[in-house]
Amino acid sequence: MRNNTDPLSSPVDACPLGERSPRLFNLLTLARQNLFRSADAVFTNELGYSGTQIVALFALKGEEGCQLKDLGRALQLKNSAVTGLVARMEENELIERGQSRHDARAGSLRLSPKGREVLAVALPLLDSLNTQLKEGFSEEELAIVARFLIHASRLRFVQDLHHSTTPQE
């Protein structure tokens, strides 16, 4: 049964379901889903574009002229998802396709003037989201959270060989 009280009201009782140790993987999953859903609603309501399109604009700003595969890598999306995203962004006149300077067979993606305008309006919204996210935490606490998230973003899990499910002979 779920506890309806604030799960993080006390630093000692930071486990929402009363476990002794926080289930970090689960908490990260829940946090990611909530943050993306909430941010998507803000961007959609305020700008008329999905959060994914806004994040893609920020990625393209940093890699002007990149190829679809590069955008997919930056956003951690599969090729089919990137193709659909780019088609919607092109339809919304947020980006322009061109020919790659490095490979005549490949296309490149650039921000359109409208895409640059949307980015300019999105930046203060993103700043507001970050401010809300940091509320109630000291700079020292935020440094630890940032260090943990950077660690998690670089982590590659290894299989625990002691609990292997291979049959024994």
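Which residues on the other side of helix α3 are exposed? They are Lys 69, Arg 73 and Ala 74, where exposed stands for over 50% relative accessible area, buried for under 20% and partly exposed for anything in between (1.4 Å probe, protein chains only).

## What you're looking at

This is a predicted model, in which local features need pLDDT of at least 70 and side-chain atom pairs count only at pLDDT 80 or more, while totals for chains, interfaces and linings use all residues. Residues are numbered from 1 along each chain as its sequence is written, and side-chain values use heavy atoms, with hydrogens and water left out.

The protein has six helices and two strands, taken from DSSP runs (H or I of at least four residues for helices, E of at least two for strands) and numbered from the N terminus. Starting at the N terminus, the order is α-α-α-α-β-β-α-α. There are 169 residues, and 21% of them count as buried. The protein exposes about 13,200 Å², with 54% of that coming from carbon and sulfur atoms; such areas come from the Shrake-Rupley method with a 1.4 Å probe, and for residues only the protein chains shown count as cover.

## How far to trust it

pLDDT is the predictor's confidence in each residue, from 0 to 100. Here the mean is 85, and 80% of the residues reach 70 or more. Among the elements, helix α5 (residues 113-134) has the highest mean, 96, and strand β1 (residues 95-99) the lowest, 87.

Residues 1-13 are another story: pLDDT stays under 50 there, and the model has six contacts beyond four places in sequence for this stretch. A contact means heavy atoms within 4.5 Å. Where pLDDT is low, the predicted coordinates should not be read in detail.

## Two sides of α3

Back to helix α3, which covers residues 68-75: Leu 71, Gly 72 and Leu 75 are buried. Looking down the axis, the buried residues of α3 fall within an arc of 100°, so they line one face of the helix. That arc is taken from the directions from the helix axis to the C-beta atoms. What covers these buried residues includes α2, α4 (79-91) and β2 (107-111).

Helix α2 (residues 51-62) is also home to Gln 53. At 6% relative accessibility, Gln 53 counts as buried. Leaving out residues up to four places away in sequence, Gln 53 touches Leu 85, Arg 88, Met 89, Asn 92 and Leu 94.

## Two loop residues

Gln 76 sits in the loop between α3 and α4. Its phi is near 55°, a positive value in a residue other than glycine. Gln 76 is exposed, with a relative accessible area of 73%.

Glu 93 belongs to the loop between α4 and β1. Phi of Glu 93 is positive too, near 60°, and Glu 93 is exposed at 51% relative accessible area.

## Rings

There is one aromatic pair in the structure. The ring centres of Phe 25 and Phe 157 are 6.2 Å apart and the planes are at 55°, so this pair is tilted. (Rings of Phe, Tyr and Trp, using its six-membered ring, pair if their centres lie within 6.5 Å; planes under 30 degrees apart are stacked, over 60 edge-to-face, and the rest tilted.) Phe 25 lies in helix α1 (residues 24-47) and Phe 157 in the segment after α6 (139-154), so the pair ties together parts 132 residues apart in sequence. Phe 25 and Phe 157 are both exposed.
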